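Me: Here's a structure I'd like to talk through with you. Mind if I throw some questions at you?

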Amino acid sequence: MNKVRQINALINGENYQNGKWVDIISPTTNEVIGQVPALTKKEIDDCYQVAAKAQKSWATTPLLERIAVLNKWKELMVEYQEEIANLIVLEIAKGKTAAVTEVTRTIDYIEYTFEEMKRMHPRTYTGDSWGIANKMGIFQYVPKGVVLAISPFNYPVNLSIAKIIPALVAGNSVVFKPASQGSLVGLFLAQLANVAKIPAGVFNAVSGKGSEIGDILVENPLINVISFTGSTAVGTGIAQKSLRTDLILEMGGKDPAIVLADADLELTATKIIKGAFSYSGQRCTAIKRVLVDQKVKQALVKLLVEKVNKLKVGNPEDDCDVTPVINEKTVKYIKGLINDASKKGAKILTGNKFEKNLIYPTLVDNVNQSMALAWEEPFGPVLPIISFTNVDEAIKIANASQYALQAAIFTTNINSAMTIAHALDTGTVNINDQTQRGPDLFPFMGVKDSGLGVQGIHDALISFLRPKGIVFNWSDKKENK
């Protein structure tokens, strides 16, 4: 049995707890492994007050001084990267190698963000091109104010820091709310931030059950920007409650892999398996449906089954490819999707085996558009296969989804790839590769119910800044003496 670890919140530079706790449950054992404070409305409102006050002086701190402070935090992440990775393994059941990679990737993200911020130069215009002499405008970037950063469970370091660091280096203050499952990691990062002596109130980390404090978090009038990653249902709710706040929303996906008859099937199968089953499919950018030309479907299916059966399934401590999903609710939901598809004529090729929260990787063939599995996001290790007879049909199925985050196209014909890519209504199209978020400097966005706004290092900085103009007017006429 794991030791129960309590980690405090961070408010105004103080490690804070009120004696009320939220239990953190291990996905692997379903045992309590930790506790984080269950904060109240007053405590969260107080947090926004100190964040708004601290932001004023932080914004006037020279950029290189802000970077120097934040770099101390980054150096502590380097020093404690093993402990951070172990917390990821323990709390969200991610394999150790993937956990370590998440931490090192995040450290690279921080360093790149510092360099990118140094290049956010003001723009200068003159009025000459509009026939207006003696007028010049300087338009600089200034911080927006208080940022609420809400992160998901599946990348508790990377997707937290990808919100926090751009906001802070740009001169904003941050109130950070990690996902309930992911709070141990998130609040541990906050403790390191406090050791790094980020000024009190500039960075704050709060915790509690989303169902109890969600509305309190997003409706505070002191918030200037909300950056959220999570489910479409929660993101939509935030949008409805925060009409006067700038929003950056990264939500669900049902990313298709479209496989044409001329595709390199060995390459395609390898990429699909990695894209669908890394971290047990618990990624917004996971491949969540395969649309394959019926001429090559049998050949592709054979390869997919072979590769799925080679995946290592088990506990994260053993560095398995497929590990337990985040909670029992997810297991129940995925079972329902598989059962619905089976009843309507789908064929289970492999998997459909459950051991507590561990779901063996499952391939489901002969899926059609009447099945929920064709449209709903499982967020787990199950992959539906849908056949098509022509490219127009594939495009129609892909675009019919409420989600539009990413898509993949597998073909050896560049003309086909470009034609389909332009026809797909989605944020990003990957050609001959899996759907994926990175590299982190690339813009990252979704449309429809998949998102609002753009992330990626440069675009994240832009999201937390606004232009402010100073216009000079002068006269070259000589004054009468």
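**A walk through the model**

Reply: Sure. Proline 439 sits in the loop between β22 and β23, and bear in mind that this is a predicted model.

Me: Which residue does a cis peptide bond join to proline 439?

Reply: Omega for that bond is about 0°. The partner is glycine 438.

Me: Staying with that loop, is phenylalanine 442 buried, partly exposed or exposed?

Reply: Phenylalanine 442 lies in the loop between β22 (428–431) and β23 (447–448). Buried needs under 20% relative accessible area and exposed over 50%. Because its relative accessibility is 46%, phenylalanine 442 counts as partly exposed.

Me: And what accessible area does the nonpolar patch with Phe442 have together?

Reply: Phe442 shares this surface patch with Tyr112 and Leu441. Together, the accessible area of Tyr112, Leu441 and Phe442 is about 290 Å².

Me: Now glycine 34: buried or exposed?

Reply: Glycine 34 belongs to strand β5 (residues 32–37). Leaving aside neighbours within four places in sequence, its contacts include Val4, Val22 and Leu184. Its relative accessibility is 0%, so glycine 34 counts as buried.

Me: How far apart are the C-alpha atoms of glycine 34 and isoleucine 7?

Reply: Along the chain, glycine 34 and isoleucine 7 are 27 residues apart. In space, their C-alpha atoms are separated by 7.8 Å.

Me: Which residues of helix α8 are buried?

Reply: Helix α8 covers residues 232–241. The cover over its buried residues includes α7 (210–218), β11 (225–229) and β12 (246–250), along with β8 (146–150) and β20 (403–404). The buried ones are Thr232, Gly235, Gly237 and Ile238.

Me: What about empty space: what volume does the largest cavity have?

Reply: A search of the whole structure turns up three cavities of 30 Å³ or more. The largest is lined by 13 residues, with Ala162, Arg437, Gln455, Gly456 and Ala460 nearest its centre. Its volume is about 90 Å³.

Me: Let's do backbone angles. Is tyrosine 279, with phi near 45°, buried or exposed?

Reply: That phi is a positive value in a residue other than glycine. Tyrosine 279 lies in the loop between α9 (265–277) and β14 (287–293). At 8% relative accessibility it falls under the 20% cut-off, so tyrosine 279 counts as buried.

Me: Last one: what is phi of aspartate 319 near?

Reply: Aspartate 319 lies in the loop between α10 (297–308) and α11 (328–343). At 33% relative accessibility, aspartate 319 counts as partly exposed. Its phi is positive, in a residue other than glycine, and near 60°.

Technical notes
Residues numbered from 1 in each chain as written. Predicted model: local features only at pLDDT ≥ 70, side-chain atom pairs only at ≥ 80, totals over all residues. Heavy atoms only, no water. Patch = residues over 30% accessible without salt bridge, like charges linked within 9 Å, V, L, I, M, F, W, Y side chains within 5 Å. Areas by Shrake-Rupley, 256 points an atom, 1.4 Å probe, with all protein chains shown as cover. Salt bridge = Lys/Arg side-chain N within 4 Å of Asp/Glu carboxyl O. Helix = DSSP H or I, 4+ residues; strand = E, 2+ residues; numbered from the N terminus. Buried < 20%, exposed > 50% of the residue type's maximum accessible area, 1.4 Å probe, protein only. Contact = heavy atoms within 4.5 Å. 1 Å grid on protein atoms, 1.4 Å probe; cavity = no way out; pocket = protein on both sides within 12 Å on 5 of 7 lines; lining within 4 Å. Points joined across faces, edges and corners; volume = space filled by probe spheres on them.
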